[in-house]
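Trainee: I am new to this structure. Could we go through it by question and answer?

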Amino acid sequence: MRFKSLPFFLLLTIILTGCFSTSPTQSSYESHTTPINSHEIETTIEAVAVTESAAPLPFTILYAGDDITRAMYEPATGTYLGAWLWHGISKPEFETTVDKKHAVFAMEMTLGNDFPTTWILQSIAAQAAPLIILQLPDTAAEDFPLVELTMFAHELGRFNLPVFIVFNPLPPGSNIQPEDYVLLFRYTRIIFRTYAPMAAFVWHSSDTSATPQCPMYPGHDMVDWVSISLTAPQGPEGFIYDITALLAPFYVSFQQYKPIMILPIGISHFSRRDYVYRVPQAAAEIMRVYETIKDSFPRVRLLVYANNGLTTPQGDDFSITREEVTIEAYRSAIADNHFISRLEPGGGEGPMWLLSPLRGYYHEGQVFIDREIVPAGLRRIPSAFVSEINERSYVEISAISGLEFVVDHARRVIFVTG
């Protein structure tokens, strides 16, 4: 049964259910490792002074993946900016307020409603790609709406423009059978390939631990992008969820196969849990999350911000345009050239940085990586170069031959090739 009274992403605040996977292991890392020529991947490292700290400083580890195929409209580098607008703010007004053009605007509709011609024309006028979250009626599994889907795809194809279709995202606990959902998705994808070939199809998961082996996943041949909803409500003890921590398992599972969008992303500055405004905290979190995604999640290719007011059952306000402090924070967060304002064609193959589920540390003047990252043939390392950090074994990178390392202390990232 659908929860029609709320947009689908708001159900993220409810306990998530679905397909679960175990934590990444050494074997999963090694199965993704391929030889790479380091010169194929360009990395700009900013020289900065390293601040000494008594406690080990955690570092993200990015390793080089070779010959990864880019999807429709996936940029070679960077992350598209997107927004989901409510409360009467227009696309031009929003972009003027945040001082940067956005590549994508989102809306949600149910098949059978009026075709959103006016909204698509407004997106075209804003030189942005439409993203349509297309819900199906509850009866779709028993009575496939072939005529309605064909008419919708035909009408969309007449515009002959790039568009994202997030097809029938399911709420947590949906009672549809996996085989029915996959069949619906695959049939619909074929229809759109025929009548709206410029539509990129997006599979949305309500479960951050979903993997390509999940029975609800329709298959790489029918999915162009994958998406996940991630919001950060606030309460008396601070943020209830850490967006980047929730993102990590989903990201690691799909990064080799598909570009990832966060649809939507939202950070609360007010909640009816205690009727307290926490605007400075929200501003700081917006900047932290966007910076972390830029630095540590290179295949997050689209961020659609939820610029809406009181929406969750607890009354969280995720909007950024209500408060000058959050406007300034968002402006600052998206100012970097990493965040892209115009769609690219996508396609082609090339090297790409991938996120390791393991991590490194800077400690006592040395840089360490988790020992499990070191290939088995290179693990005979003198004990003087091995340290226990947080009850795991770590190795100084200076003692490892056969791998190449570039350490960006400003971003706390270790790049590994070889």
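Mentor: A definition comes first: a residue is buried under 20% relative accessible area, exposed over 50%, and partly exposed in between. Keep in mind that this is a predicted model.

Trainee: Is S332 buried, partly exposed or exposed?

Mentor: S332 sits in helix α8, which spans residues 324–334. The relative accessibility of S332 is 41%. Partly exposed covers the range between under 20% and over 50%, so S332 counts as partly exposed.

Trainee: How far apart in space are S332 and M287, C-alpha to C-alpha?

Mentor: Along the sequence, S332 and M287 are 45 residues apart. In space, from C-alpha to C-alpha, the distance between S332 and M287 is 7.3 Å.

Trainee: How many residues of strand β13 are buried?

Mentor: Strand β13 covers residues 300–307. The strand is largely enclosed by the rest of the structure, because the buried residues number eight of the eight.

Trainee: Which residue in β13 stands opposite L85?

Mentor: Strand β2, residues 79–85, runs parallel to β13. Six bridges join β2 and β13. Opposite L85, in β13, stands N307.

Trainee: How many bridges pair strand β10 with β13, and which residue of β13 stands opposite I265?

Mentor: Strand β10 takes in residues 260–267 and pairs with β13 in the parallel sense. The bridges between β10 and β13 number four. The residue of β13 opposite I265 is Y305.

Trainee: Which peptide bond is cis, with omega near -10 degrees?

Mentor: Look at P264, which is found in strand β10. The bond with omega near -10 degrees leads into P264, and the cis peptide bond is the one from L263 to P264.

Trainee: Is Y275 buried or exposed?

Mentor: Y275 lies in the loop between β11 (270–271) and β12 (276–277). Although Y275 is not a glycine, its phi is positive, at about 55 degrees. Its relative accessibility is 56%, and the cut-off for exposed is over 50%. Y275 therefore counts as exposed.

Trainee: What is the relative accessible area of E364?

Mentor: E364 lies in the loop between β15 (349–363) and β16 (366–370). Phi of E364 is positive, near 50 degrees, in a residue other than glycine. E364 is exposed, and its relative accessible area is 62%.

Note on methods. Residues are numbered from 1 along each chain as its sequence is written. This is a predicted model: local features need pLDDT of at least 70, side-chain atom pairs count only at pLDDT 80 or more; totals for chains, interfaces and linings use all residues. Side-chain values use heavy atoms; hydrogens and water are left out. Buried means under 20% relative accessible area, exposed over 50%, partly exposed in between (1.4 Å probe, protein chains only). Helices (H or I, at least four residues) and strands (E, at least two) are DSSP runs, numbered from the N terminus. Two strands pair if DSSP finds at least two bridges between them.
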